[in-house]
Structures are given as C-alpha cells and as structure tokens.
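Student: Please take one part of this model and go through it closely, with the cut-offs behind each term.

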Amino acid sequence: MIRLAGISVIGIILFAVVKKYAPEYSVLVEIGSIVLVVWIAFPYICDVIDFYYEYIGASGVDGDYLKIVVKALGIGLITQFCSDICKDSGEGALASKVELCGKAVMLAMALPIAKAVLEFAYSVINMK
Amino acid sequence: MDISILFRIAAVGIIVAILNQVLTRSGRDEYTMITTLAGLIIVLMMIIPHLKDLFSYVESVFDL
C-alpha cells in the first residue's frame, strides 16, 4: 500500500512537471502511472476471484453464470480504465462513447442469464 | 513494471522540450516537429509492452 502511495505521488509530480514543458507527454506519464498502480492491485483481485470461484461455485449455482459475472467485472474494469484516461485528457465525448460500448458488451453478455430467468418464470406461471 | 518507467518517460519529455528550445534558438525551427515525433515514438515503444502485459494479465484473470 505504501508503494501505491509513493507511485501515485511521484506520478502526479512528474505529470505536473512534464505538463508544463512538454504537454503531449503528460498523457503518457499519466498512463504509465495508472498502469503501475493497477498492476499493484491485481494480486488482490486475483485472490478475490479464486475465492469467488471456489466457494460460490460449490454452492450449486451453474458454472457459466459465474463466468459471465466475472467477465462483466473485467469489462467494467477495462471500460473504466479507458474512459477515465479519456476524461482526464479532456476527451469527454470519447469517454462517454467508450462507456456506451462497455455497457453494450456487458448487456450482450448477460443475455443468457436473462433468458434463463425468463424461462424459469414462464415455467412457474404455466405450472398453476 | 517498476517506477523507473515513469522517470524514463518524464526524462524523454523534458529532453525533447529542451531540444526544441535549442533548435528554436539556433534558428532551425522545422526540426522541432521531427524531434517531438521521435520522442513520442520512443516513449510509445517504452510504454506499449507494459500495456500489453497489463491487458493480457486482465484477460487471463477475468478469462475474457
């Protein structure tokens, strides 16, 4: 955690210096610091997902629904990663389009779950 | 994947800025654009492997 604070503080300072003298390189310094910070977070995310698969998978829920949930998490992470960089460098329009695309992909991926729920509801209604 | 990449990127940025100053002072203004592009390419070549590692790691963790 200390390493995280150190990297972000140094990243901000370098960003300010580079922004003054070479504005086009400031975005690259920012992307570099973001990559480093996210790289630190990954071992913890990995442990959470292993725990998730191990215990919630054993609770009888169908396997591929778990995969879809984890995939949606990954897509959300990447979409947020990209739209925040666009927003910081002043590209609000591009950021919202990236988020639109992420939402579309996530919805398209969640269709099987919605179909299963609707079929289940339909079968319950017809069982009267 | 340690902090030296940040210092390298900032160093290239500062060096390109200084080089542009020197070029403008010495009257050859048309080379400033070339040095800026060259510096940008160098920095991109430094940072893209890190981005590739990050995204392939995300793909393997979330099995996208």
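Tutor: What follows covers one helix and then the chain contact. This is a predicted model, in which local features need pLDDT of at least 70, side-chain atom pairs count only at pLDDT 80 or more, and totals for chains, interfaces and linings use all residues. Residues are numbered from 1 along each chain as its sequence is written, chains are lettered from A and ligands numbered from 1 in the order in which they are written, and side-chain values use heavy atoms, with hydrogens and water left out.

Helix 1 of chain B spans residues 4-25; helices are DSSP runs (H or I, at least four residues) numbered from the N terminus. From first C-alpha to last, its 22 residues reach 31 Å, close to the 32 Å expected at 1.5 Å a residue, where the expected span is 1.5 Å times one less than the number of residues. Its buried residues (under 20% relative accessible area, 1.4 Å probe, protein chains only) are B:I5, B:L6, B:I9, B:A10, B:V12, B:G13, B:V16, B:A17, B:N20 and B:L23. They lie on the same side of the helix because they cover an arc of only 155 degrees around the axis, taken from the directions from the helix axis to the C-beta atoms. The face turned away from that side carries B:I15 and B:R25, both exposed (over 50%). Cover for the buried residues includes helix 1 (2-21) and helix 2 (23-57) of chain A, together with helix 2 (30-62) of chain B. After helix 1 of chain B comes B:G27, with a positive phi near 90 degrees.

The contact between the chains (heavy atoms within 4.5 Å) takes 35 residues from chain A and 30 residues from chain B.

Technical notes
Helix = DSSP H or I, 4+ residues; strand = E, 2+ residues; numbered from the N terminus.
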